[in-house]
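Open the model in your viewer and show it as a cartoon. Keep the sequence panel in view for making selections.

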Amino acid sequence: MTASYDAIVLGAGAAGLFCAATAGQRGRRVLLLDHAAQVGKKILISGGGRCNFTNIHTGPDRYLSQNPHFAKSALSRYTAQDFLALVESHGIAWHEKTLGQLFCDQSARQIVAMLLDECAKGGVEVHCGDAVGGVDHADGAYRVRYGDSEASAPALVIATGGPSIPKMGASGFAYDLARQFGLKVVQPRPALVPLTLPGDDTLFRELSGVSTEVIARVEGKGKGAPAFREAALFTHRGLSGPAILQISSYWQRGDTVTTQFVPDRVEGWLKQAKRDRPKATLRKLLSEDLPDRLSQALCDRLGLAGDLGNLSDKALGAAEAKLARWPFVPDGSEGFAKAEVTAGGIDTRGISSKTMEALKVPGLYVIGEAADVTGWLGGYNFQWAWASARAAGLALAEG
């Protein structure tokens, strides 16, 4: 026997939970399905277990998409301040970290509990633990098979995310479903992911665990991307840390990633140091700004030993230029297994930016990470989940 609903939401992550709650609280009978045994698994591990649930600097310029204006509408209609008000209404204590990132004081479980509470207020039926066995559409209704059950509804919401972090159960299911209904998919790729370095940079692998603040840029096909000033971390496989994760979303194979190792030093600082401190060494100077192991490795690569006073201005100028844009040419990334999110996804040029409904497939909606919208590190992807879910949830209630 087929159970009937007003809407079926596939995926009980951030976007799916919030969309179901929004529609349910406005009188719609909603079924929320997830193949995992519990809802919100990626929420629970986010932000070191404290959930970086939004960013107060959210704006459309902090998102990547082949349709760059798509996110503007939803983000403007449901803001970081709107979600923060919901968090506070549930008595969840929070704090701001660097760069506008907002975290729970206690646990990400509070966000999941809040979303489930909002679903309960809307009478949402939540079913976990059964994979979707098939989806079809006929006579104005979507039919979804899961476990030994079947449900139908005039509206279906794809909120199953992308393939990042497959150990959490992530997959490309959303893309298969989109293609089934004739929607295009922008090639998915890992984003917010550590980059790997080839053998030429083996020296830096000896620095595994060393971290320092840099300004990271990308040059090549991804040129034109923003520069990010945050920490970079050397790993046994290459480069990681917030600055590298940020730039990885823009990096394409063959591109060079440059790091500015002493971002607070002004142009000409080495030549000035030669005049002011001729007996100092370059390693001594660098160790005042950088971890000692990194200072030594950079000096070894630059090949400048001895007192500054004995080095030519030309050599110091060249060293300064190299330190300001130290080039790395990654040979890849650590892939979806280590990617925090997926870039690419269901092509938003086939989706309404106001309602999240497919333009040529009535009743089919795409929200959250499943769509080709990828935010920066630091709560931006959660805010896209909330905003796109809100837009779809309101559209479901009006439909």
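The tour goes from the whole chain to two sheets, then to three single residues and a cavity.

**Whole chain**

Start zoomed out. This is a predicted model. Its C-alpha trace spans about 85 × 40 × 35 Å along the principal axes. Colour by secondary structure: there are 13 helices and 23 strands. Of the 399 residues, 54% are buried. Now think about contacts between residues at least 6 apart in sequence: 73% of these join residues at least 24 apart.

**Stop 1: the sheet of 4 strands**

Select 2–4 for β1 and 132–138 for β9. Add 141–146 for β10 and 149–153 for β11. Together they form an open sheet in the order β1-β11-β10-β9, and the pairing is mixed. β1 and β9 are the edges; each has a single partner strand, so one side of each lacks a neighbour in the sheet. Turn the view to look along the sheet: the twist averages 25 degrees from one strand to the next.

Next, walk through the pairs. β9 and β10 are antiparallel, with 6 bridges between them. Pick Val 132 and look across to β10, where its bridge partner is Tyr 146. Then go to the hairpin that links β9 and β10. It has 2 residues between the strands, and Asp 139 takes a positive phi there, near 55 degrees.

Move on to β10 and β11. These strands also run antiparallel, joined by 5 bridges. Select Tyr 142 and find Ala 153 opposite, in β11. Show side chains on any of these strands while you are here. In a regular strand, side chains alternate between the two faces of the sheet.

**Stop 2: the sheet of 7 strands**

The second sheet is open too, with antiparallel pairing. Its order is β19-β18-β15-β16-β17-β14-β20. Select 326–328 for β19 and 332–333 for β20: these are the edge strands, and each pairs on one side only. Now add β14, residues 195–196. It runs antiparallel to β20, and 2 bridges join the two strands. One to display is Thr 196 with its partner Gly 332 in β20.

**Stop 3: Ser 249**

Stay with the second sheet and find β18 at 256–260. Ser 249 sits in the loop between α8 (242–248) and β18. Is this residue buried or exposed? Ser 249 is buried, with a relative accessible area of 1%. Show what surrounds it: beyond four places in sequence, Ser 249 contacts Leu 64, Arg 189, Ala 191 and Leu 192. Draw a distance to Leu 192. A polar atom of the Ser 249 side chain lies 3.3 Å from the backbone nitrogen of Leu 192.

**Stop 4: Arg 265**

Follow the chain past β18. Arg 265 lies in the loop between β18 and α9 (269–276). It is partly exposed, at 28% relative accessible area. Which residues does Arg 265 touch, not counting those up to four places away? They are Leu 285, Glu 288 and Asp 289. Show the side chains of Arg 265 and Asp 289: they make a polar contact at 2.7 Å.

Now draw a line from Arg 265 to Ser 65, C-alpha to C-alpha. It covers 34 Å in space, and the two are 200 residues apart in sequence.

**Stop 5: Leu 359**

Jump to the loop between β21 (341–346) and β22 (364–366), and select Leu 359. Leu 359 is exposed, with a relative accessible area of 55%. Its contacts beyond four places in sequence are Arg 349, Gly 350, Ile 351 and Ser 352. Take Arg 349 for a distance: its C-alpha is 8.7 Å from that of Leu 359, and the two are 10 residues apart along the chain.

**Stop 6: the cavity**

Finish inside the protein. How many cavities of 30 Å³ or more does a search of the whole structure find? It finds 1. The largest cavity has a volume of about 40 Å³. To frame it, select its lining: Pro 60, Tyr 63, Ser 65, Asn 67, Pro 68, Phe 70, Ala 71 and Val 373. Ser 65, in this lining, is the far end of the line you drew from Arg 265.

Note on methods:
Residues are numbered from 1 along each chain as its sequence is written. This is a predicted model: local features need pLDDT of at least 70, side-chain atom pairs count only at pLDDT 80 or more; totals for chains, interfaces and linings use all residues. Side-chain values use heavy atoms; hydrogens and water are left out. Two strands pair if DSSP finds at least two bridges between them. Axes are lines fitted to C-alpha atoms, for helices over the stretch in contact, and angles run from 0 to 180 degrees between N-to-C directions. Buried means under 20% relative accessible area, exposed over 50%, partly exposed in between (1.4 Å probe, protein chains only). A polar contact is a pair of N or O atoms within 3.5 Å; within protein, one must be able to donate a hydrogen and the other to accept it, and residues adjacent in sequence count only if both atoms are side-chain atoms. Contact means heavy atoms within 4.5 Å. On a 1 Å grid over the protein atoms alone, a cavity is a set of points where a 1.4 Å probe fits but cannot get out, and a pocket is an open set with protein on both sides within 12 Å along at least five of seven lines; lining residues have an atom within 4 Å of a point. Grid points are joined across faces, edges and corners, and a volume is the space filled by probe spheres set on the points.
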